[in-house]
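I opened the model and kept notes as I went. The entries follow the order in which I looked things up.

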Amino acid sequence: MMLQIENLHAAIGDNEILRGVDLEVAAGEVHAIMGPNGSGKSTLANVLAGHEAYDIAGRVLFEGQDLLALSPEDRAAAGVFLAFQNPVEIPGVGNLYFLRMALNSVRRRRGLEELDVMGFLALARERMKLVEMDESFMSRSVNEGFSGGEKKRNEILQMTILEPKLAILDETDSGLDIDALRIVAGGVNALRRPDRAMIVITHHQRLLDYLVPDRVHVMAAGRIVRSGDKDLALELEEHGYADLSQETASDRPATVGATP
Amino acid sequence: MTTATSTATSTPEGRTGAISTVAELLSRLGLPSLGPGPPWLTQARHESAEWAIMRGFPTLKDEDWKYTRLGPLLDVPFERAEAGAGHRISPATVDALTIDAASTRLVFVNGFFAPELSSITELPEGVTVTNLASVLAEGGALLEPFFSHPFSEFDHAFTALNTCLFEDGAFIHLPAGALVTAPIELVFLSEAHGSPVVSNPHSLILASPGSRVAVVETYAGTTGAITCTNAVTQVVLGEGAQVEHYKIQDETDTGFHLALLDVRQGPESRFSSGSVALGSKIARNEVRVRLEGEGAEAAIDSLYLPCADQHHDNPILIEHAAPRCTSRQLYKGIADERGHGVFNGRIIVWSGAEGTDASQTNKNLLLSDHAEIDTRPRLEIFTDDVKCTHGAAVGALDEEALFYLRSRGVPHEAARALLTYAFAREVLDLIPSESLRAHVETLVAGRLLTDDVGTGARSDE
């Protein structure tokens, strides 16, 4: 099992946001997490990436390793990647420089040789084609002045360059028009491999038309309250979350993963 | 590089050499060793000594000195620098401090001109670039107005002491319409080969109407030397003249640096100053700009980076004294460890200066719980029809940006360094000359970036 989350709790002060999440994701699988606003989806993503704002309890194993004990940079090196819902703008840090530094930091810790500028440029050009970004993005500061769609594409570009084992996409589809959605989904699909898993957090069925999930989970009030196959997403699209938010995990335990 | 050896033993904890009055200091330092000079200069030196004695040293009660303690400076038994220290400086030391080996450069060691380390390339006809003492030795009647003027309410004992004690400095004169394209480099080195020494360089940059020049002042010191530089640079711009001024303050961290950049601008003239403060134990980098002619423009940018126990004080006075002038200030400070940075910026819009457009921005980054920033923007407006904006901010690194970088694999320390350098870049990006910008970027990157980050952060490759 690539990722095992057991009884994960996360709180900021007295506000408990995750209240016992259980989830298993095997290599090669795509899991969608859906659910109403405030149900804890983004918190789950942030906690997995190592955000330090939360008080955390529970257990998360990534390839058998205690993920919660690792710093954010060590998680990146281990192969965890989060595509942010709202990527931060960083004036004064060039996109190209940042990306090369990120890749080389990760490669160094994975025991791979670092790429020089020319080697990196060749790789970046190839990956930029996947997300239909032109080179002018590279000379700009990280996300500074990017449109919403450009920021999302930049996230996917970073993912294609860093080649993670586990990619977590936090509402990567939100705010995208249909063309941008197609481009982003194309970039993500290009990365699907038997040794790579993805957790796709989304509000809408729309993205799942392009990116067909193996499992769909519904989060409400800090727990996964229902799990199913891709048809669950269609059902949610039809009926909404209204009746789900009343349910508790004990009413309908989450069936997890795609364990044989 | 030489190091001071004998001084530390002669003054345990300093108090033996402590000075309490200007008169005491003057009697210790004695009068200038340059010889008599023109009679008006002798007169000016005497008058400034009297004024300084009467005025006394600034104290924390003085509005413009309230953040800078002079105790550590007055405790040091400074002696007057001797001429001839230049032979102890290797040309390689100077080369490392200059931006372009082919440029015109004047080098001063402890305030004295060092011709053997200087070089003057071909200059347009009528342009003079030399040392001030050589002009004064020939009478220098033209220079009298720049020294024989009454002290104003903005002056203090140190500017007067500079007039009284200066040994030498740069003299740059551009006739009307002259254009000097390559930056002229002025290098001021502090060197103490024994006792702590004080030097008082005084430079004059006179840009006649329609002329244009760029000047870089670099202040540096030899490692371990206890020195005090008390420098004054006067810049006068005629109608339509353009002067770009840069300053790199990278004195040794055992040194003291007190400086005044005093600028007067004629109509439609354009003055810009970009400075970076890296060195000194205590540094006070005062800038005064007086916009005297209609339509003049001034842009003053600065980056100060106090760390360890450094103190960097930035008093600024911009006087709008004519209609339709524009002034802009961008000061950015990064204080680390126990560093203390001060922005004390004052804009005065005098009566009659209608159409003034003045802006002042001060942003600071605190990298340590023990670092300190004081920021004090001040506007005094005595006329209607003006546009003045000012803002000041002090903050820490953006935690969300840090998390973003780390989540991509960038190690914590490197991510901090990268964001810190990015904060500084806004000021560096304002330097138009590519070679000068690269030179300053290397200095700043050397301070802010870890080896892990490397200097590649300087550009977008």
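Which residue is the bridge partner of A:Val80 in β9(A)? I looked it up and found A:Leu166. I note at the outset that this is a predicted model.

**Entry: strand β6 of chain A**

I followed that bridge to the pair of strands it belongs to. Strand β6 of chain A covers residues 80-83, and 4 bridges join β6(A) to strand β9, residues 166-170 of chain A. The two strands run parallel. I then checked the side chains of β6(A) face by face. A:Val80 and A:Leu82 lie on one side, A:Phe81 and A:Ala83 on the other, and all of them are buried. I recorded both faces of this strand as covered.

**Entry: the antiparallel sheet of chain A**

I turned next to an open sheet of 4 strands in chain A, with the order β2-β1-β4-β5 and antiparallel pairing. The edges are held by β2 (15-25) and β5 (65-66) of chain A; each has a single partner strand, so one side of each is left without a neighbour in the sheet. I counted the bridges between strand β1 (residues 3-12) of chain A and β2(A) and got 8, with the two running antiparallel. As a check on register, I noted that A:Leu3 has A:Val25 as its bridge partner in β2(A).

What packs on this sheet? I found helix α1 of chain A, residues 41-49, which touches β1, β2 and β4 (55-62) of chain A. The direction of α1(A) makes about 70° with that of β2(A).

**Entry: A:Pro72**

I picked A:Pro72, which sits in helix α2 of chain A. Is A:Pro72 buried or exposed? I counted 26 other C-beta atoms within 10 Å; the threshold for buried is 20 or more, so A:Pro72 is buried. Leaving aside neighbours within four places in sequence, I listed the contacts of A:Pro72 as A:Ala49 and A:Gly50 in chain A, and B:Phe403, B:Arg406 and B:Ser407 in chain B. I also took one long separation: the C-alpha atoms of A:Pro72 and A:His239 are 38 Å apart, with their positions 167 residues apart along the chain.

**Entry: where chain A meets chain B**

The contacts of A:Pro72 with chain B led me to the interface. I found 26 residues from chain A and 20 residues from chain B in the contact. On the chain A side, the elements giving two or more residues are α2 (72-78), β7 (90-94), α3 (95-109) and α5 (148-162). Which of the elements gives the largest share of that side? I found α3(A), with 6 residues. By class, I sorted the chain A side into 17 nonpolar, 8 polar and 1 charged residues.

**Entry: domains of chain B**

I took the division of chain B from the domain assignment: domain 1 (7-293) and domain 2 (413-461). The C-alpha centres of these two domains of chain B lie 28 Å apart. In the contact between them, I found 10 residues of domain 1 of chain B and 10 residues of domain 2 of chain B. On the domain 1 side, β11 (242-250) and β13 (270-277) of chain B each supply at least two residues. I noted β11(B) as giving the most to that side, with 3 residues. The domain 1 side divides into 7 nonpolar, 1 polar and 2 charged residues.

**Entry: totals for each chain**

I closed with the overall figures.

- Chain A has 8 helices and 12 strands, and 48% of its 260 residues count as buried.
- Chain A has a radius of gyration of 18 Å, which agrees with the value near 18 Å for a compact globule of 260 residues. I boxed the C-alpha atoms of chain A at roughly 55 × 40 × 40 Å along the principal axes.
- Chain B has 11 helices and 21 strands, and 52% of its 461 residues count as buried.
- Chain B has a radius of gyration of 21 Å, which agrees with the value near 23 Å for a compact globule of 461 residues. I found that its C-alpha trace spans about 70 × 60 × 50 Å along the principal axes.
- Among contacts between residues at least 6 apart in sequence, those joining residues at least 24 apart make up 73% in chain A and 83% in chain B.

How values were computed. Residues numbered from 1 in each chain as written. Chains lettered and ligands numbered in written order. Predicted model: local features only at pLDDT ≥ 70, side-chain atom pairs only at ≥ 80, totals over all residues. Rg over C-alpha atoms; globule rule 2.2 N^0.38 Å. Buried ≥ 20, exposed ≤ 12 C-beta atoms within 10 Å, placed from the backbone. Contact = placed C-beta atoms within 7 Å. Nonpolar A, V, L, I, M, F, W, Y, C, P; charged D, E, K, R; others polar. Domains from an automatic or database assignment. Pairing = 2+ DSSP bridges. Axes fitted to C-alpha atoms, helices over the stretch in contact; angles between N-to-C directions.
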